[in-house]
Amino acid sequence: MDGVHDMGGTDGFGKVEPEANEPVFHHRWEGRVLAMSRAIGVFRAWTIDTSRYAIELMAPSFYLSRSYYEKWFLRNQNLLIERGLIDADEVAAGRALRPAKNLSRGPFSLADVDKVTRRGSYGRPAPAAAQFKVGDRVRTRNIHPTTHTRLPRYARGRVGVVERLHGAHIFPDSAAAGKGEDPQWLYTVRFDAQELWGPDAEAKLKVSIEAFEPYLERA
Amino acid sequence: MIVCTLCSCYPTDVLGLPPTWYKSFAYRSRAVKQPRAVLADFGVTLPVETEIRVWDSTAETRYLVVPMRPAGTERWGEAQLAKLVTRDSMVGTGLPKNPSEVA
């Protein structure tokens with residue numbers, strides 16, 4: 001979707017401000033939200049793509065004014081309600097009002113901690129031969145799905161070069177739409193800055209995206 | 001330089017949780033368009049002839065930068081070289097430490 005989350009090239013956000021002492025968390029509750037998010041992950045109630053899409057669906061004013069972990073918290077709450085694992089009145093009450101729903105597996109335990117802190121694999125067997133090879137010139141499609149996609153706006157309709165093949169991966173556009181994993185070939189596609197930003201682009205700059213095959217056509 | 005313009009994808013398994021600046025709108029918006037300006041925010045200026053390469057982490061592949069070996073460290077061993085490597089130098093927003101800082 002063409003949302004505010006798709007920030008590449010947006011002007012006006014000011015300077016990047018590294019912090020001197022750089023705390024891992026700025027409030028104690030942020031660590032709890034992170035732990036909560038990881039713990040929920042073990043139940044496989046939703047995928048990483050669904051969870052990104054849930055954040056993209058937040059109102060632009062909310063997205064832009066709330067912190068990273070505030071959005072994570074709201075995402076967890078929204079998805080838990082949507083999946084019927086909790087109810088809105090329970091959130092309002094701050095406690096369970098009904099017996100817990102049956103989960104696909106038993107409760108979270110300490111033995112699960114290692115599992116949820118380790119990253120999963122998103123590579124899948126390729127459904128067909130790759131259409132492009134390293135060195136091919138490709139054009140990204142000018143698509144504007146109203147659902148989740150990982151093709152950023154600044155890189156749509158642009159000509160680049162295939163730099164690397166990564167095998168086939170879960171296709172986020174399908175996964176977030178509840179259409180299954182739908183594995184697709186994944187490529188690193190490199191663009192000259194002028195192709196993305198016009199004649200005033202920074203000199204000697206190249207930018208690459210990770211592009212799924214359905215995002216690409218031969219140039 | 002490594003960025004995620006769409007959310008905040010980061011090589012967490014290797015580098016730990018991302019710093020707040022990596023998740024900031026300023027970094028996510030500018031890194032792909034004005035990386036030299038972003039580097040200036042970190043106090044880093046590169047020669048104009050140095051090519052800059054930005055990776056936007058738009059899928060589940062994760063990247064980090066292997067910093068260039070600083071001049072004068074040709075005879076250094078792995079443990080010594082590791083002391084020069086900073087988190088920011090692996091994200092691409094900083095250079096490794098100066099050899100004189102750790103020698």
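This is a short tour of a predicted model, stop by stop, with something to select at each one.

**Stop 1: all of chain A**

Colour chain A by secondary structure and you should pick out 8 helices and 6 strands. Walk from the N terminus and the elements come in the order α-α-α-α-α-α-β-β-β-α-β-α-β-β. If you like to set up a box or a camera, the C-alpha trace of chain A spans about 60 × 45 × 30 Å along its principal axes. Of the 219 residues in chain A, 24% are buried. Turn on a contact map and look at pairs at least 6 apart in sequence: 67% of those contacts in chain A join residues at least 24 apart.

**Stop 2: helices α1 and α4 of chain A**

Select residues 28-41 of chain A for helix α1, then residues 68-82 of chain A for helix α4. The two pack at an angle of about 40 degrees, and their axes are 9 Å apart. That angle makes α1(A) oblique to α4(A). Rotate until one helix lies in front of the other; the crossing of α1(A) and α4(A) is left-handed.

Now show side chains. On the α1(A) side, pick A:Glu30, A:Val33, A:Leu34, A:Met36, A:Ser37 and A:Ile40; on the α4(A) side, they meet A:Tyr69, A:Trp72, A:Phe73 and A:Asn76. Colour this contact by residue class and you get 7 nonpolar, 2 polar and 1 charged residues. As a reminder while you look down a helix, an α-helix has 3.6 residues a turn, so residues three or four places apart point the same way.

**Stop 3: zoom in on A:Asn76**

Stay in helix α4 of chain A and centre on A:Asn76. Is this residue buried or partly exposed? A:Asn76 counts as partly exposed, because there are 19 C-beta neighbours inside 10 Å, and the cut-off for buried is 20 or more. Skip the neighbours within four places in sequence, and the contacts of A:Asn76 are A:Met36, A:Ser37 and A:Ile40. For a sense of scale, draw a distance from A:Asn76 to A:Arg141: the C-alpha atoms are separated by 32 Å, with these positions 65 residues apart along the chain.

**Stop 4: bring in helix α2 of chain A**

Add residues 48-56 of chain A, which is helix α2; the buried residues there are A:Asp49, A:Arg52, A:Tyr53, A:Ala54 and A:Glu56. What do they pack against? The buried residues of α2(A) pack against α4 and α7 (172-175) of chain A.

Focus on the first of those partners. The angle between α2(A) and α4(A) is about 110 degrees, with the axes 9 Å apart. That makes α2(A) roughly perpendicular to α4(A), and the crossing is right-handed. Show A:Ser51, A:Ala54 and A:Ile55 from α2(A) together with A:Lys71, A:Arg75, A:Asn78 and A:Leu79 from α4(A), since these make the contact. By class, that contact has 3 nonpolar, 2 polar and 2 charged residues.

**Stop 5: strand β5 of chain A**

Hide the helices and select residues 205-212 of chain A, strand β5. Of its 8 residues, 7 are buried, so β5(A) is largely enclosed by the rest of the structure. On one pairing, strand β4 (residues 184-192) of chain A runs antiparallel to β5(A), with 7 bridges between them. Look for A:Arg190, whose bridge partner in β5(A) is A:Ser208. If you are checking side-chain directions here, recall that in a regular strand the side chains alternate between the two faces of the sheet.

**Stop 6: across to chain B**

Now turn chain B on. Strand β5(A) is also joined to β2(B) by 5 bridges, and this pair runs parallel. Which residue of β2(B) is the bridge partner of A:Ser208? That is B:Trp55. A:Ile209 stands opposite B:Asp56, and B:Val3 stands opposite B:Asp56 too. B:Val3 brings you to strand β1 (residues 2-3) of chain B, which pairs with β2(B) in the parallel sense over 2 bridges.

**Stop 7: the interface as a whole**

Finish by selecting the contact between the chains: 38 residues of chain B touch 35 residues of chain A. On the chain B side, α2 (20-23), α3 (25-30), α4 (35-41) and β2 (52-56) each supply at least two residues. Coloured by class, that side of chain B divides into 17 nonpolar, 10 polar and 11 charged residues.

Notes: Residues are numbered from 1 along each chain as its sequence is written. Chains are lettered from A and ligands numbered from 1 in the order in which they are written. This is a predicted model: local features need pLDDT of at least 70, side-chain atom pairs count only at pLDDT 80 or more; totals for chains, interfaces and linings use all residues. Axes are lines fitted to C-alpha atoms, for helices over the stretch in contact, and angles run from 0 to 180 degrees between N-to-C directions. Helices (H or I, at least four residues) and strands (E, at least two) are DSSP runs, numbered from the N terminus. Angles under 35 degrees count as roughly parallel, over 145 as roughly antiparallel, 65 to 115 as roughly perpendicular and the rest as oblique. A crossing is left-handed if the near helix is turned anticlockwise from the far one by less than a right angle, and right-handed if clockwise. Two residues are in contact if their C-beta atoms, placed from the backbone, lie within 7 Å. Ala, Val, Leu, Ile, Met, Phe, Trp, Tyr, Cys and Pro count as nonpolar, Asp, Glu, Lys and Arg as charged, and the others, Gly among them, as polar. A residue is buried if 20 or more other C-beta atoms lie within 10 Å of its own, exposed if 12 or fewer, and partly exposed in between; C-beta atoms are placed from the backbone. Two strands pair if DSSP finds at least two bridges between them.
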